[in-house]
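Please open the structure in a viewer and keep the sequence panel beside it. The tour below proceeds by selections, each followed by a description of what is found there.

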Amino acid sequence: MLEPLNEGFLSRISDLLLCRWTCRHCCQKCYESSCCQSSEDEVEILGPFPAQTPPWLMASRSSDKDGDSVHTASEVPLTPRTNSPDGRRSSSDTSKSTYSLTRRISSLESRRPSSPLIDIKPIEFGVLSSKKEPIQPSVLRRTYTPDDYFRKFEPHLYSLDSNSDDVDSLTDEEILTKYQLGMLHFSTQYDLLHNHLTVRVIEARDLPPPISHDGSRQDMAHSNPYVKICLLPDQKNSKQTGVKRKTQKPVFEERYTFEIPFLEAQRRTLLLTVVDFDKFSRHCVIGKVSVPLCEVDLVKGGHWWKALIPSSQNEVELGELLLSLNYLPSAGRLNVDVIRAKQLLQTDVSQGSDPFVKIQLVHGLKLVKTKKTSFLRGTIDPFYNESFSFKVPQEELENASLVFTVFGHNMKSSNDFIGRIVIGQYSSGPSESNHWRRMLNTHRTAVEQWHSLRSRAECDRVSPASLEVT
């Protein structure tokens, strides 16, 4: 009876020595832990000697314990345990265990920490629709060569001689020394009771001598300066002082009022432009002064001496004309209303201008009819309110053109040209074409529109109808 007992005891000891780890749940010897649930941290290593657990495996085991690697018994299939009648495992079972050991060791080797791996998951953007499409971040693959990079620069912006220099950083003395255009004295005051801004143009000094662009100026020693006042960005409702004859130190002492709310006035910029009047040549801009009204105390008011800086606008605008057009198809009549004009170019030094408007009907390239308004004395903002009618059949309307020319009346010599526009088949610009198109689309309805006057040379260049009139 002793021999079988000793033989069974020795077999158990040999089995324990051959088994590296036992099942931690049932604390019994096993090779594949088929007696109960198996997990990823239960690894069998067969060997004759108990090996020390490597540190990277211990780190992996601790991370698995802290993580969410918890499996249920239903997730891992159980393998039936088959033993030989004498309690030992057969050779087929040993080969299966060895294969299982090799597979698990290879999986652990693949989990050995080496270079860090970053798992970038698709980014999902929430949209209102039910469909969600994964969007992968795109990589910018375009490369810029040095030529493409430096092509973005604009050299004129960094030029020292550029007229776009920041003059705000310069003092008035530095501006006067740099440009030598003189200085302007003016003041501002806002009346909260009546909601209007008063601008007082007082005087100017040290203005430069006049410049003649076409050589027709007679007096090259003295200027005939005057000042135009406006509140940017509205340049249409501008004011204009009288012309001071033959002086480089004019004294104006004129006041002008702008009806504007206080909050709106703080968003405007006061622009004062000093212009040199020349009856026999075009008027030239001497310089300008701009003052943002948000930077001054409008209620308290104040006086300033400001140095003039160059203006990008070398020529003065010729003025604007308000017209109304109406066509009656049944009567075949084209009705024209000359309502008013404003800020016309001054043609007389002492009296301003005596403006009138000449209206000429051109059919194709042939002058058909000429009419004109009465002239108003001593004004650059005349009110006419005069109506004219031209007989134009409907089949000839598309080939008709109306030439409007503003003159300054002169009894001693020929009338002074101020400005011109052409409306109709050969319009002088997009604004005039738009007015004519609106009239054609709305018969029996008067269509009003403001038009900026153009020079004679500009109209002759773009409109053949302008060449047919005088």
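**First selection: strand S13**

Select residues 383-391, which make up strand S13; its side chains alternate between two faces. Tyr384, Glu386, Phe388 and Phe390 point to one face and are buried, whereas Phe383, Asn385, Ser387, Ser389 and Lys391 point to the other face and are not buried. Buried here means under 20% relative accessible area, exposed means over 50%, and partly exposed lies in between (1.4 Å probe, protein chains only). In a regular strand, side chains alternate between the two faces of the sheet.

This is a predicted model, in which local features need pLDDT of at least 70 and side-chain atom pairs count only at pLDDT 80 or more, while totals for chains, interfaces and linings use all residues. Residues are numbered from 1 along each chain as its sequence is written, and side-chain values use heavy atoms, with hydrogens and water left out.

Next, add strand S10, residues 333-342, which runs antiparallel to S13 and is joined to it by seven bridges. Two strands pair if DSSP finds at least two bridges between them. Arginine 340 stands opposite phenylalanine 383 of S13.

**From S10 to a salt bridge**

Remain on strand S10 and select lysine 342 together with glutamate 320 of strand S9 (residues 320-328). Their side chains meet in a salt bridge of 3.7 Å, N to O. A salt bridge is defined as a side-chain nitrogen of Lys or Arg within 4 Å of a carboxyl oxygen of Asp or Glu. The pair links distant parts of the chain, 22 residues apart, and both glutamate 320 and lysine 342 are buried.

**Arginine 454 and its partners**

Which side chain meets glutamate 432 in a salt bridge? Select arginine 454, whose side chain forms this contact at 3.2 Å, N to O. Glutamate 432 belongs to helix H7 (residues 430-441) and arginine 454 to the loop between strand S16 (447-452) and helix H8 (456-462), so the pair ties together parts that are 22 residues apart in sequence. Glutamate 432 counts as buried because its relative accessibility is 1%. Arginine 454 also forms a salt bridge with glutamate 458, the closest N and O atoms being 2.9 Å apart. Glutamate 458 has a relative accessible area of 26% and is therefore partly exposed. Now select Glu264, Arg267 and Arg268, which are joined into one network by salt bridges that share partners. A search of the whole structure finds six salt bridges.

**An open sheet of four strands**

Select strands S5, S2, S1 and S8, which form an open sheet in that order with antiparallel pairing. S5 (251-259) and S8 (302-307) stand at the edges with a single partner strand each, so one side of each is left without a neighbour in the sheet. Neighbouring strands of this sheet are turned by 20° against each other on average, direction ignored; the axes are lines fitted to C-alpha atoms, for helices over the stretch in contact, and angles run from 0 to 180 degrees between N-to-C directions. Within the sheet, nine bridges join S1 (residues 183-191) to S2 (residues 196-205), and histidine 185 has glutamate 203 in S2 as its bridge partner.

**A hairpin, then the whole chain**

Select S3 (residues 225-232) and S4 (residues 234-240), antiparallel strands joined by three bridges. A hairpin connects S3 to S4 through one residue, and isoleucine 229 stands opposite lysine 239 in S4.

Finally, display the entire chain, with its nine helices and 16 strands. Helices (H or I, at least four residues) and strands (E, at least two) are DSSP runs, numbered from the N terminus. Of the 470 residues, 38% count as buried.
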